[in-house]
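I set out to read one structure slowly and to write down each item as I looked it up. The entries are meant for a reader who is new to strands, helices and sheets.

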Amino acid sequence: GQCAAVCPTGAVTIKNDVPSVWKAIYDDKKRVVAQIAPAVRVALGEEFGISKGENVMPLIVAAMRKIGFDEIYDTSFSADLTVIEETNEFLGKLESGAKLPLFTSCCPAWVSYVEEKHPELMPQVSTCKSPQQMFGSVIKAYAKDKYQDDEKETIVVSVMPCTAKKAEAGRAEFVTEGSKDVDIVLTTKGLADMIYESGIVFKELEPEALDMPFGMYSGAGLIFGVTGGVTEAVIRKVIKDKSHASINNVKFCGARGMEGIKEFDLPLEDGETVLKIAVVSGLGNAEQLIRKMEAGEAFYHFIEVMACPGGCIGGAGQPFGLRNTKRLRAESIYASDKQTQLRHADENPVIPDLYNTLLKDRTHELLHVHYHK
Ligand code: SF4
């Protein structure tokens with residue numbers, strides 16, 4: 001059965017999905033495939049006495065293998081796909097003169113907010129599925145192809161910093177060929193509970209690597225976990241000069257930092273276009289910006305919105321952290337990004353092949369969504 005943890009404000013009941021994950025793992029007829037979101041790796045260690053912000057991804061992988069997950073992948077992979085799709089959508093709109101700004105769509109709490117409070121803005125919200133949902137639909141299609149002859153059912157479990165991701169995975173729009181893109185969503189704290197329940201001594205695990213091919217990602221996908229990350233990833237794709245120095249310099253564009261509203265201009269290399277960009281975290285700040293636009297006091301081409309202050313590193317599914325903890329988590333994500341060999345989404349070597357095979361004629365179906373509400 002399902003256990004339930006009740007929100008102290010009485011506003012929401014958050015489903016505890018740990019029992020259903022155990023059930024799937026012990027079921028011989030199920031192949032349990034996991035995806036881990038960028039923000040999880042810099043927060044989970046705190047639960048086990050590891051210093052704040054430390055990237056413990058290799059230990060998470062080791063723990064999840066011991067627990068019994070069959071394949072373990074990284075949501076940063078599908079974040080790379082999101083960057084590619086969203087940048088194409090943005091440049092297409094810019095070229096055709098469609099109504100801008102384009103709002104990002106990775107944060108389900110933001111998408112629900114627009115549906116409820118500003119339905120008139122829905123056509124300007126990117127049609128890209130969030131990385132969680134893109135991962136789910138891609139992996140299900142991939143597994144269907146790869147494991148044609150075996151009877152096992154593929155179950156996608158995502159480990160997310162977020163409680164809103166549970167509701168997102170449950171939406172009717174995210175069912176492909178009768179199967180949910182993402183079956184079960186665990187929060188960071190939910191995964192910590194499973195590790196405790198297994199008696200694993202997390203700190204003493206030997207580090208392990210993710211599975212291939214969907215354990216491959218670029219730093220652009222990784223920085224989705226911090227406010228400004230999606231924007232910076234999109235800019236890395238938009239700029240034509242992809243030299244090391246040029247990609248590094250994007251960090252000075254104005255997207256980084258923990259402020260709730262960041263606004264900056266981005267001159268493109270054509271010498272003519274200057275993009276007006278805003279990066280927002282916190283729904284109150286988003287509302288403030290929308291009012292400013294409605295009053296005609298501001299215009300933007302592109303707006304990133306994350307509901308949680310600081311972005312997903314401060315999500316409601318993470319161990320509780322104050323401002324300083326969030327700062328350490330953000331710094332750790334940026335440090336890990338700098339250490340990846342691949343810094344922009346087009347460098348992810350798994351993706352071109354995917355576009356030529358699995359995604360051929362199916363990008364719309366597998367990577368985009370039209371919300372019905
Ligand atoms: Fe979830 Fe918060 Fe990230 Fe939005 S910003 S996806 S609500 S963790």
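The entries below cover a sheet, a hairpin and its crossover, a helix, the cysteines and the ligand.

**Entry 1: the model.** I noted at the start that this is a predicted model.

**Entry 2: the open sheet.** I looked up the strand order and found 4 strands in an open sheet, arranged β4-β3-β6-β9. The pairing in this sheet is parallel. Which strands stand at the edges? They are β4 and β9 (184-187); each has a single partner strand, so one side of each is left without a neighbour in the sheet. I also recorded the twist, which averages 25° from one strand to the next.

**Entry 3: strand β3 and its partners.** Strand β3 covers residues 30-36 and pairs with β4 in the parallel sense over 4 bridges. One bridge partner I checked here is Asp74 in β4, which belongs to Ile36. I then turned to strand β6 (residues 153-160), which runs parallel to β3 and is joined to it by 7 bridges. Across that pairing, Arg31 stands opposite Thr154 in β6. Between β3 and β4 I found helix α2 (residues 57-67), and the three elements make a right-handed β-α-β unit.

**Entry 4: the side chains of β4.** I recalled the rule that side chains in a regular strand alternate between the two faces of the sheet. In strand β4 (residues 71-74), Glu71 and Tyr73 point one way, while Ile72 and Asp74 point the other way. Are these residues buried or exposed? All are buried.

**Entry 5: the hairpin.** I moved on to strand β10 (residues 261-267), which pairs with β11 in the antiparallel sense over 7 bridges. Leu266 stands opposite Leu275 in β11. The two strands form a hairpin with 6 residues between them. In the turn I noted Gly271, which has a positive phi of about 80°.

**Entry 6: strand β11 and the crossover.** Strand β11 spans residues 274-281, and 6 of its 8 residues are buried, so it is largely enclosed by the rest of the structure. β11 also pairs with strand β12 (residues 302-306), here in the parallel sense over 5 bridges. I found Glu304 in β12 as the bridge partner of Val279. From β11 the chain passes through helix α11 (residues 283-294) to β12, and this β-α-β crossover is right-handed.

**Entry 7: helix α9.** How many residues of helix α9 (residues 229-238) are buried? I found 10 of 10, and the helix is mostly covered. Among the buried residues are Glu232, Arg236 and Lys237, as well as Val230 and Ile235.

**Entry 8: cysteines.** I searched for disulfides and found 0 in the structure. Cys253 is in none; the nearest cysteine sulfur, that of Cys106, is 16 Å away. A disulfide needs the two sulfur atoms within 2.5 Å. Cys253 is buried, with a relative accessible area of 18%, whereas Cys312 is partly exposed at 26%. The cut-off explains the two labels, because buried means under 20%.

**Entry 9: around the ligand.** Cys312 appears again here, among the residues around the ligand. Other cysteines in this shell include Cys107, Cys162 and Cys308. Lys165, Met306 and Gly315 also belong to the list. By class, I recorded 8 nonpolar, 1 polar and 1 charged residues in the shell.

Terms used: Residues are numbered from 1 along each chain as its sequence is written. This is a predicted model: local features need pLDDT of at least 70, side-chain atom pairs count only at pLDDT 80 or more; totals for chains, interfaces and linings use all residues. Side-chain values use heavy atoms; hydrogens and water are left out. Buried means under 20% relative accessible area, exposed over 50%, partly exposed in between (1.4 Å probe, protein chains only). Two strands pair if DSSP finds at least two bridges between them. A crossover is right-handed if, with the strands pointing away from the viewer, the path from the first strand over the helix to the second runs clockwise. A residue is near a molecule or strand if one of its heavy atoms lies within 4 Å of it. Ala, Val, Leu, Ile, Met, Phe, Trp, Tyr, Cys and Pro count as nonpolar, Asp, Glu, Lys and Arg as charged, and the others, Gly among them, as polar. Axes are lines fitted to C-alpha atoms, for helices over the stretch in contact, and angles run from 0 to 180 degrees between N-to-C directions.
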